[in-house]
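Please open the model in your viewer and keep the sequence panel beside it. The tour below proceeds by selection, one stop at a time.

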Amino acid sequence: MINGKEYIERIDALQNEVWIEGGKCTGKLSELTPFKGIIKSKAALYDYQSQPENKKLFQYSTSDRKIGYGFSYHQPKTVEDLTKRRLATQEWARLSAGLMGRSPDYMNTLLMTLGMAAPHFAQDQKAFGDNIKRLYEKARDEDLSITHTFINPQVNRSLGQYFDDTNVTAAKVIEENKEGIVIQGARLLATQGGLTDELLVLPAGGYTLDDSYLFGFMIPSNTKGLKFLCRESFCYRDSRFDHPLASQFEESDAIVVFDHVLVPWECVFLYKNVQIVGDMEEATGMYTFLQFQAICRQVVKVEYILGLCELMGEAIQIQEYEHIKLKMSEIITTLEIMKALLVASEVNSQVNQFGTLVPDSKPLKAAIQYFSVAYPRLIEIIQMLGASGLISIPTEKDFNSEIQEDLANYLQGANVNAKERVQLFRMAWDIGMSAFGSRQTQFERFFFGDPVRLSSIHYNRYFTQPYVNMVLDFLNEREE
Ligand SMILES: Cc1cc2nc3c(=O)[nH]c(=O)nc-3n(C[C@H](O)[C@H](O)[C@H](O)COP(=O)(O)OP(=O)(O)OC[C@H]3O[C@@H](n4cnc5c(N)ncnc54)[C@H](O)[C@@H]3O)c2cc1C
């Protein structure tokens, strides 16, 4: 396991090709305003896992090694293992109020599921199985951080798009040689793109008859020809008072461009095999584990929202009103539903063919579906509770200026002074209204995929026959 300093030094040394606001980043990424907050917050996670008192929860060892590995690389085999994974994930998530969608455990977890299912990839070529196992072990041994791109550019989403790809937009293989495969084109949307050690790529969803889009590999973020094109930063100022959340957890999102990127064969674990791709989730449990991680984090996020709304209510004394109680109850209901679904997935987990104990996917799928709708509603509740309080939010500079007495008088709360009240409402604004907060809402709606298509898949794969039989039996009994 690494600590924060090691993580920062490693990212700075990579010199990844990162572009933002018309310029290519030079120097240390950890010192640039758009990225320094999130890099520091990630470093804090690595420091936390390294502290002696946290080792029990955050480390595990294998029989052949004395030194501990990070918890998210661990292959769970018992329900206790899954519970420990949940507790560690949530303890990390609490350090970012559940706002860091891509804490390192997200992708490490994915790599664990792929690495443990190496024989699945070896069915095509033995080397592919060896490669994913080695990539997993390397990431585990070096405690690497990873980002990913699973989506093709949003150029043309009509069903026939792949049949006319005369201009290469979606990343595809344009050459295959002795050293590896050459990739040209782009992919969406790597959160923390350029700020991690490695990039993991899997086939984008949807249908294609063209197998040059079917590949899975992991390469260092500084591979030649790899460019990360970042959106503008939503952290406009460093001040923790003014931007309590964005200043720390603005993750950045990047379009990934592959400009004739040579991916060495030893980094490839999946190639032009529809069957391997089609059976991948079933064999590895990868999406189920990603959902498990995500829902652990989302529970923490709702805990913070509940605490925040309670404090806002107290600050301006609105808790006595029925509709406020109703809204608070909605938040509590969301929290309890998410917690229950998470635990249900642990209780009904099953060991797969590779010895990994996989959580039950049914409650996790339900939670992902539910949260993409529940989260925007929680944000709406914050807006309804805060009203103009989310707008009357002077900055730290205002509180240090000539108008400070006016502010102290007119912005005080029922039980807090003006500065405390504004600090609280700034936090509510940053999660509910700022550019950072809006991006959070869009993230929770879409990060796991398009909720519309996910619900179709959810329905298509849900085994409804037992319930149909129940109704048929019921009707037949009546007739008799
Ligand atoms: C903040 C944020 C961070 C993200 N981070 C990552 C990341 O780190 N890595 C990563 O790989 N991805 C990431 N994503 C991408 C995410 O996976 C996609 O947004 C999601 O899969 C939806 O794809 P899309 O954005 O291309 O939307 P589109 O597929 O273009 O959909 C746009 C609209 O068209 C509709 N639509 C399109 N096609 C169909 C269809 N076939 N049937 C029905 N309706 C359709 C959709 O319902 C939607 O309303 C991120 C997204 C966001 C918003």
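Select lysine 272, which sits in the loop joining strand 12 (268-271) to helix 9 (274-278). This is a predicted model, and the backbone here deserves a look: phi of lysine 272 is near 50°, a positive value in a residue other than glycine. Most residues other than glycine have a negative phi. Lysine 272 has 31% relative accessibility and therefore counts as partly exposed, since that class lies between 20% and 50%.

Next, select glutamine 317, in the loop between helix 11 and helix 12 (322-347). Glutamine 317 also has a positive phi, about 50°, although it is not a glycine. Its relative accessibility is 40%, so glutamine 317 is partly exposed.

Now go to threonine 113, within helix 5 (residues 105-116). Is threonine 113 buried or exposed? With a relative accessibility of 2%, threonine 113 counts as buried, because the class requires a value under 20%. Add threonine 284 to the selection: 171 residues separate the two in sequence, yet their C-alpha atoms are 5.5 Å apart in space.

**The nonpolar core**

Select Phe258 and Ile382. Of the 128 residues in the largest nonpolar core, these two touch the most other members. Then highlight helix 11 (residues 286-316), which supplies the largest share of this core, 15 residues. Colouring by domain is useful at this point, as the core draws at least three residues from each of domain 1 (4-278) and domain 2 (285-469).

**The ligand**

Centre the view on the ligand and display its surroundings. The shell holds 21 residues, the closest being Phe150, Arg157, Leu189, Asp450 and Arg453. By character, the shell comprises nine nonpolar, six polar and six charged residues.

Three contacts may be inspected in turn:

- Leucine 189: a backbone N or O atom lies 3.0 Å from an oxygen atom of the ligand.
- Threonine 191: a polar side-chain atom lies 2.8 Å from a nitrogen atom of the ligand.
- Arginine 453: a polar side-chain atom lies 2.5 Å from an oxygen atom of the ligand.

Taken alone, the ligand exposes 960 Å², of which the protein buries 74%. To see the elements that give two or more residues to the shell, select strand 5 (146-149), strand 7 (180-191), helix 17 (435-446) and helix 18 (451-461).

Where does the ligand lie with respect to domain 1 (4-278) and domain 2 (285-469)? Both domains give residues to the shell, so the ligand lies between them.

How values were computed:
Residues numbered from 1 in each chain as written. Predicted model: local features only at pLDDT ≥ 70, side-chain atom pairs only at ≥ 80, totals over all residues. Heavy atoms only, no water. Near = heavy atom within 4 Å. Polar contact = N/O pair within 3.5 Å; in protein donor to acceptor, adjacent residues only side chain to side chain. Areas by Shrake-Rupley, 256 points an atom, 1.4 Å probe, with all protein chains shown as cover. Helix = DSSP H or I, 4+ residues; strand = E, 2+ residues; numbered from the N terminus. Nonpolar A, V, L, I, M, F, W, Y, C, P; charged D, E, K, R; others polar. Domains from an automatic or database assignment. Core = buried A, V, L, I, M, F, W, Y, C linked by side-chain atoms within 4.5 Å. Buried < 20%, exposed > 50% of the residue type's maximum accessible area, 1.4 Å probe, protein only.
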